[in-house]
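Colleague: Got a minute to walk me through this one? I'd like to get my bearings before I go back to the bench.

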Amino acid sequence: MAFKKSSNKLSQAALLKHIIKRCSSMGKKQQQHYDDVPKGHFVVYVGENRSRYVIPISFLSRPEFQTLLQLAEEEFGFDHDMGLTIPCEEEVFESLTSLLRY
């Protein structure tokens with residue numbers, strides 16, 4: 001059982017590294033879209049209309065947000081140029097992020 005837990009933590013760490021690398025690699029080719037993103041934050045797109053949200057990087061370590069990231073990977077993958085898209089209704093995303101801020 002301990003092996004499974006350790007393996008799960010390893011995969012979460014690898015996923016977080018991949019996401020951070022992906023977010024930072026957008027850099028120069030999409031710089032004009034990210035000039036308003038403060039240091040320590042990143043952009044995600046949520047809902048059918050792909051509404052743009054700027055959220056703290058600290059959310060990446062939260063289990064609640066990691067669940068959303070896993071859903072995003074399953075539905076969209078991370079190897080595309082459309083930005084990190086979260087498959088979630090905007091109202092649900094806003095509720096979750098408001099809880100994570102505390």
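Modeller: Sure. One term before we start: a helix axis here is a line fitted to C-alpha atoms over the stretch in contact, and angles run from 0 to 180 degrees between N-to-C directions. Also, this is a predicted model.

Colleague: Okay, so at what angle do helix 2 and helix 3 pack?

Modeller: About 150°, and their axes are 10 Å apart. Helix 2 covers residues 63–76 and helix 3 covers residues 90–100.

Colleague: Which residues meet there?

Modeller: From helix 2 you have Glu64, Phe65 and Leu68, and across from them in helix 3 are Phe93, Leu96 and Leu100. That contact splits into 5 nonpolar residues, 1 charged and no polar ones.

Colleague: Let's back up. What's the overall pattern along the sequence?

Modeller: It reads α-β-β-α-β-α, which comes to 3 helices and 3 strands.

Colleague: And which residues touch the most other members of the largest nonpolar core?

Modeller: Val44, Ile55, Phe65, Ile86 and Phe93, out of 17 residues in that core. Strand 1 (41–46), strand 2 (51–56), helix 2 and helix 3 each put in at least two residues. Helix 2 gives the largest share, with 4 residues.

Colleague: What does isoleucine 55 contact, leaving aside neighbours within four places in sequence?

Modeller: Gly40, His41, Phe42, Val44, Phe65 and Phe93.

Colleague: Last one: how much of the protein is buried?

Modeller: Buried residues are 34% of the 102. The protein exposes about 7000 Å², with carbon and sulfur atoms supplying 56% of that.

Methods. Residues are numbered from 1 along each chain as its sequence is written. This is a predicted model: local features need pLDDT of at least 70, side-chain atom pairs count only at pLDDT 80 or more; totals for chains, interfaces and linings use all residues. Side-chain values use heavy atoms; hydrogens and water are left out. Contact means heavy atoms within 4.5 Å. Ala, Val, Leu, Ile, Met, Phe, Trp, Tyr, Cys and Pro count as nonpolar, Asp, Glu, Lys and Arg as charged, and the others, Gly among them, as polar. A nonpolar core is a set of buried Ala, Val, Leu, Ile, Met, Phe, Trp, Tyr and Cys residues joined through side-chain atoms within 4.5 Å. Buried means under 20% relative accessible area, exposed over 50%, partly exposed in between (1.4 Å probe, protein chains only). Accessible areas come from the Shrake-Rupley method with a 1.4 Å probe; for residues, only the protein chains shown count as cover.
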